[in-house]
Amino acid sequence: MIEAAGLSKHFRAADGTVVKAVDGVSFVVAPGEMVGLLGANGVGKTTTMRLLATLLKPTAGTARIAGCDVLADPLGVRRRLGYLSATTGVPDRLTPQEVLESFGRLHGLEPAALTDRVPALLDALGLTSCAARPCGRLSTGQRQRVSLGRALIHDPPALVLDEPTSGLDIVGARDLLDLLERLRGEGRSILISTHRLHEIERRCDRFLIIHAGRIVAAGSRAEMAAAPGGLEGAFFAAVEPGAEL
Amino acid sequence: MNAGHGILAVASFQLRRLLTPQRVILAALGAAFPAAVMLAVRRIAGHLDRDFAVVLLYALLPEALCLLGLLVTMCPVVADELERNTWQHVAVRPWGRWSLLLGTFLAAVSWTATVALFALGLTLVAAGLPGSGRLAAVFAALILVSCIGRAALFALPAVIMPKRAIVASVAVALVVEYLAGFLPAVVNQLTVSLRLRSLLVRWMGWERALPTELALLVDTQPAWVQIMAVVALATVMLVAAGVILARRQFPPAEGS
């Protein structure tokens, strides 16, 4: 379960003004549910996700991941959360197997646990055939899978994925989203952010539309599909009230 | 789950990063430089005075080479992760930030000390001094103490101002180690350079021969006190750096 309650993050800009990057955001992602966080660039998607991942501390409000509060128990959150950022940042010189082993050890997993976990994960991610190839020689899609593997190495019940299809071609994006659907089927709570609506309009169970740091619309897939213009229409109606698609 | 695994994972990863052909060539050049200086001095002077050679060794190895080695290995501890977009993947692990700091500290000390020990061997051969075995033991210990103390010292600017860590560390080295360290006052008790000089003087048996003005620049406590002082300083600085790093927040534009 991923829960946000009145989550806010304010930054002080260089000129001294306060920028409300996230402003009182509340939502719940249930186990076995995939929720899309939609918004244009710079509206607070990444900041929201970083608040959930304990990379940033909220100015107000709080969030809980699998029952652990981001302020009271950040270590508990980190043990239960898989986080994928918009930028892959996979070490070029390490192989996928080495990346997963390194991050497993960084997560504090025992070597014996990694002996079983890493091959199984490589197989699930379709990376077995290139497990011994340096990441610098992998395709963007394969690198993104390695990055996802890094988020899954500790078998977390909740996933926060910031633009996971960024930089992927249509096939790579489809394969990755197929994989996410399988992970949802295992009962994980998944929050996925993107501004590429067409990719996830038939994949997510619900959608949250964020604009200027606030959730301006929310609804199930059926509700969004029923809106004039479908999900895209609902999106533009929410972020540009009065505008016609 | 064990935080020790995380520290070792980071240390092993950082050492692999350092083992590129370019870095190894640079390290080899760094290790050869003190020997080249020693050879040049020996050739120019004709005869090499033992005490002068020891002072030169001290200036070249535990001071210059160790400082330079640690500047390039310890200072980028956070900046590298931010630049390579791996910071957030490390920071979301339960003890990721502490593992990053301590694992990098371990790798920086191991790498720099190894290079400096190679340099020590080469320089002692180049100097051709009698009693080189004892000098090797003394300088190996000084190199290790220097690496531990200075790596911890550089950890602070590295976490406080990651993007200008090298400049800040050079400033810290100049102001703290070489300005405050040479003031005969209480403030130099908090520097690694005082402890290193004091160890050198004690282990070389120079206490009685030192002129009064130079005696003010060393501490007369036993060697174990000097070593424990460096360990205590290093512990305090690493804990301070760890606490700062654990609380640091990088806005999306910086940390992505």
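Start with chain A coloured by secondary structure: in this predicted model, chain A comes to 9 helices and 10 strands. With the whole of chain A still selected, turn the C-alpha trace about, and along its principal axes you will find a span of about 55 × 40 × 35 Å. For 245 residues, a compact globule would have a radius of gyration near 18 Å, and chain A agrees with that, since its value is 18 Å. Of those 245 residues, 49% are buried, and among the contacts in chain A with a separation of 6 or more, 65% are between residues 24 or more positions apart.

**The sheet of four strands**

Select next β1, β2, β4 and β5 of chain A, which form an open sheet in the order β2-β1-β4-β5, with antiparallel pairing. Its edge strands are β2, residues 18–29, and β5, residues 68–69, each of which pairs on one side only. Now narrow the selection to β1, residues 2–12, and β2 of chain A, where 8 bridges join the two antiparallel strands. To see one such pair, pick Lys9(A), whose bridge partner in β2(A) is Val22(A). Then add helix α1 of chain A, residues 45–52, which packs on this sheet and touches β1, β2 and β4 (60–65), its direction making about 115° with that of β1(A).

**The sheet of six strands**

Which strands make up the open sheet of mixed pairing in chain A? Select β6, β7, β8, β3, β9 and β10 of chain A, which is also their order across the sheet. At the edges stand β6 and β10 (214–220) of chain A, and because each has a single partner strand, one side of each is left without a neighbour in the sheet. Looking across the sheet, you can follow a twist that averages 15° from one strand to the next.

Within this sheet, select β7, residues 158–162, together with β8, residues 189–194, both of chain A: these strands run parallel and are joined by 5 bridges. Ala158(A) is a residue to pick here, since it stands opposite Ser189(A) in β8(A). Helix α1(A) returns at this point, for it packs on the sheet of six strands and touches β3 (34–38), β7, β8 and β9 (206–211) of chain A, with its direction at about 150° to that of β7(A). Add helix α6 of chain A, residues 170–185, and you will see that it lies across β3, β7 and β8 of chain A, running at about 155° to β8(A).

**Where chain A meets chain B**

Show both chains now, and select the residues where they touch: 27 residues of chain A are in contact with 28 residues of chain B. On the chain A side, the elements that give two or more residues are α1, α2 (74–80), β6 (81–84) and α3 (96–106) of chain A. Coloured by class, that side of chain A shows 10 nonpolar, 9 polar and 8 charged residues.

**A residue inside chain B**

Finish by selecting Met38(B), which has its place in helix α2 of chain B, residues 21–45. Is Met38(B) buried or exposed? Met38(B) has 23 other C-beta atoms within 10 Å, and since 20 or more count as buried, Met38(B) is buried. Leaving aside neighbours within four places in sequence, Met38(B) is in contact with Leu56(B), Thr123(B), Ala126(B) and Ala127(B). For a last view, add Gln249(B), which is 211 residues from Met38(B) in sequence and 47 Å from Met38(B) in space, C-alpha to C-alpha.

Note on methods. Residues numbered from 1 in each chain as written. Chains lettered and ligands numbered in written order. Predicted model: local features only at pLDDT ≥ 70, side-chain atom pairs only at ≥ 80, totals over all residues. Pairing = 2+ DSSP bridges. Contact = placed C-beta atoms within 7 Å. Axes fitted to C-alpha atoms, helices over the stretch in contact; angles between N-to-C directions. Buried ≥ 20, exposed ≤ 12 C-beta atoms within 10 Å, placed from the backbone. Nonpolar A, V, L, I, M, F, W, Y, C, P; charged D, E, K, R; others polar. Rg over C-alpha atoms; globule rule 2.2 N^0.38 Å.
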